[in-house]
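Please read the following report with the model open beside it, and look up each residue as it is named. The text moves from ring pairs to charged pairs and then to the nonpolar interior.

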Amino acid sequence: MSQQFQHDVLVIGSGAAGLSLALTLPSHLRIAVLSKGDLANGSTFWAQGGVAAVLDDTDTVQSHVEDTLNAGGGLCNEDAVRFTVEHSREAIQWLIDQGVPFTRDEHAGSDDGGFEFHLTREGGHSHRRIIHAADATGAAIFKTLLAQARQRPNIELLEQRVAVDLITEKRLGLAGERCLGAYVLNRASGEVDTYGARFTILASGGAAKVYLYTSNPDGACGDGIAMAWRSGCRVANLEFNQFHPTCLYHPQAKSFLITEALRGKVRTSNCPMANVSCSALTHGPNWRHGTSCSRHRPRDEAPGHRLRLPGHQPQARRLHQDPFPDGLRALPGLQY
């Protein structure tokens, strides 16, 4: 039988966005966080490379803003870019305060601005400003935030709950357009329950699974965007999906992201995948057999980087591919 529930805040999505929001709301609020599968099924857990921020004294906010605007090809909203960059350090500090185990730099010194954590550099950046937890940054962030959320008695974490549609005053025949909650499928019972809330948050991720090749989990199907649109929200810029030029190609495996940190380390800037247009993602047959994308790496660079990318090795070896060969097979794919 269908059930009705009432909370102060309903958060649809259990990734970094949803958990961060739940953890920063006042503790007197009753909060429900929904996940359409297991809590770790979202994209956050699988993100690898790291987070860009202005973190040492040799870098500046203005430099980061300029790098972002240049990489954006004139399409960025400068106010949004500047706001994000200006608040990047405090956001990273909040994650550190929560206990995220970012990789520390044992050789930090004045040349690195004295910052205690290891920073790396990725495409488009003029400084080393990527803070990371080995090559499993998303997993480290997710596990830490989840552990913090489980300690909060006001946060209820609900798995196997699929949001079907938002409940609005207009949809109920009432005057006004406020959102009142959501109809939610309980996958265990097969019933659609009603979750009422004073505030409803969509933190449900993107829509990468509409593309042929993606490293995203199956849940990234754009249902949150669709629910918002059906309820009268404006949607825009749907074409701006981030793609990654190097997803591991293997016929017996789902696409596995080869982190940009690895691609940069092995000097694949001349790789044909690095300059592929987004249109290639909708024309998969052109890339069916993949492209070799790591053959520019000097042999003496492999051992040190092997230690920093432990997450890549089990997956590659399970598929009988050395993660540092003369040429991995790669495809462009939608990223997290």
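A search of the whole structure, which is a predicted model, finds four aromatic pairs. One of these is formed by Phe-5 and Tyr-195, whose ring centres lie 4.8 Å apart and whose planes meet at 25°, so the pair is stacked. This pair links distant parts of the chain, since Phe-5 belongs to strand β1 (residues 4-12) and Tyr-195 to strand β9 (residues 191-202), 190 residues apart. In their accessibility, Phe-5 is partly exposed, with a relative accessible area of 29%, whereas Tyr-195 is buried, with a relative accessible area of 2%.

Another pair is made by Phe-45 and Trp-46, and here the ring centres are 5.1 Å apart while the planes stand at 80°, so this pair is edge-to-face. Phe-45 is partly exposed, with a relative accessible area of 22%, and Trp-46 also counts as partly exposed, at 45% relative accessibility. Together with Phe-142, the residues Phe-45 and Trp-46 form one aromatic cluster.

We turn now to the charged side chains. Side chains of opposite charge can pair when their charged atoms come close. How many salt bridges does a search of the whole structure find? The search finds nine, and the table lists some of them.

| Salt bridge | Closest N and O atoms |
|---|---|
| Asp-67 and Arg-129 | 2.8 Å |
| Glu-78 and Arg-82 | 3.6 Å |
| Asp-218 and Lys-209 | 2.9 Å |

For the salt bridge between Asp-67 and Arg-129, the positions along the chain are worth following: Asp-67 lies in helix α2 (residues 61-71) and Arg-129 in the loop between β4 (119-120) and β5 (130-131), so the pair ties together parts that are 62 residues apart in sequence. Both Asp-67 and Arg-129 are buried; for Asp-67 the relative accessible area is 12%, and this residue counts as buried because that value is under 20%. Not counting residues up to four places away in sequence, Asp-67 touches Gly-124, His-125, Ser-126 and His-127 as well as Arg-129.

The salt bridge of Glu-78 with Arg-82 has another setting, because Glu-78 and Arg-82 are four residues apart in helix α3 (residues 78-86) and are therefore separated by about one helical turn. Glu-78 is partly exposed, with a relative accessible area of 41%, and Arg-82 is partly exposed too, with a relative accessible area of 24%. In the salt bridge that joins the side chains of Asp-218 and Lys-209, Lys-209 is partly exposed, with a relative accessible area of 30%. Salt bridges that share partners also join Asp-59, Asp-67 and Arg-129 into one network.

The last topic is the nonpolar interior. In soluble globular proteins, nonpolar side chains tend to be buried together. Which residues touch the most other members of the largest nonpolar core? Of the 28 residues in this core, they are Ile-31 and Ile-131. The elements that give two or more residues to the core are β1, α1 (16-24), β2 (31-34), α4 (88-98) and α5 (137-150), and the largest share, six residues, comes from α5. Leaving aside neighbours within four places in sequence, Ile-131 is in contact with several residues, including Val-51, Leu-55, Ile-92, Phe-102, Phe-115, Phe-117 and Leu-119. Apart from this core lies another core, of twelve residues, and among them are Leu-158, Ala-163, Val-184 and Tyr-195. Tyr-195 is the residue that pairs with Phe-5 in the stacked pair described above.

Leu-166 offers one more buried position to examine. Is Leu-166, which lies in strand β7 (residues 161-168), buried or exposed? Leu-166 is buried, with a relative accessible area of 5%. Leaving aside neighbours within four places in sequence, Leu-166 is in contact with residues including Ile-12, Cys-179, Ala-182, Thr-200, Leu-202, Met-227 and Ala-228. The C-alpha atoms of Leu-166 and Val-184 are separated by 8.9 Å, although these residues are 18 residues apart along the chain.

Conventions:
Residues are numbered from 1 along each chain as its sequence is written. This is a predicted model: local features need pLDDT of at least 70, side-chain atom pairs count only at pLDDT 80 or more; totals for chains, interfaces and linings use all residues. Side-chain values use heavy atoms; hydrogens and water are left out. A salt bridge is a side-chain nitrogen of Lys or Arg within 4 Å of a carboxyl oxygen of Asp or Glu. Buried means under 20% relative accessible area, exposed over 50%, partly exposed in between (1.4 Å probe, protein chains only). Rings of Phe, Tyr and Trp (its six-membered ring) pair if their centres lie within 6.5 Å; planes under 30 degrees apart count as stacked, over 60 as edge-to-face and the rest as tilted. Contact means heavy atoms within 4.5 Å. A nonpolar core is a set of buried Ala, Val, Leu, Ile, Met, Phe, Trp, Tyr and Cys residues joined through side-chain atoms within 4.5 Å.
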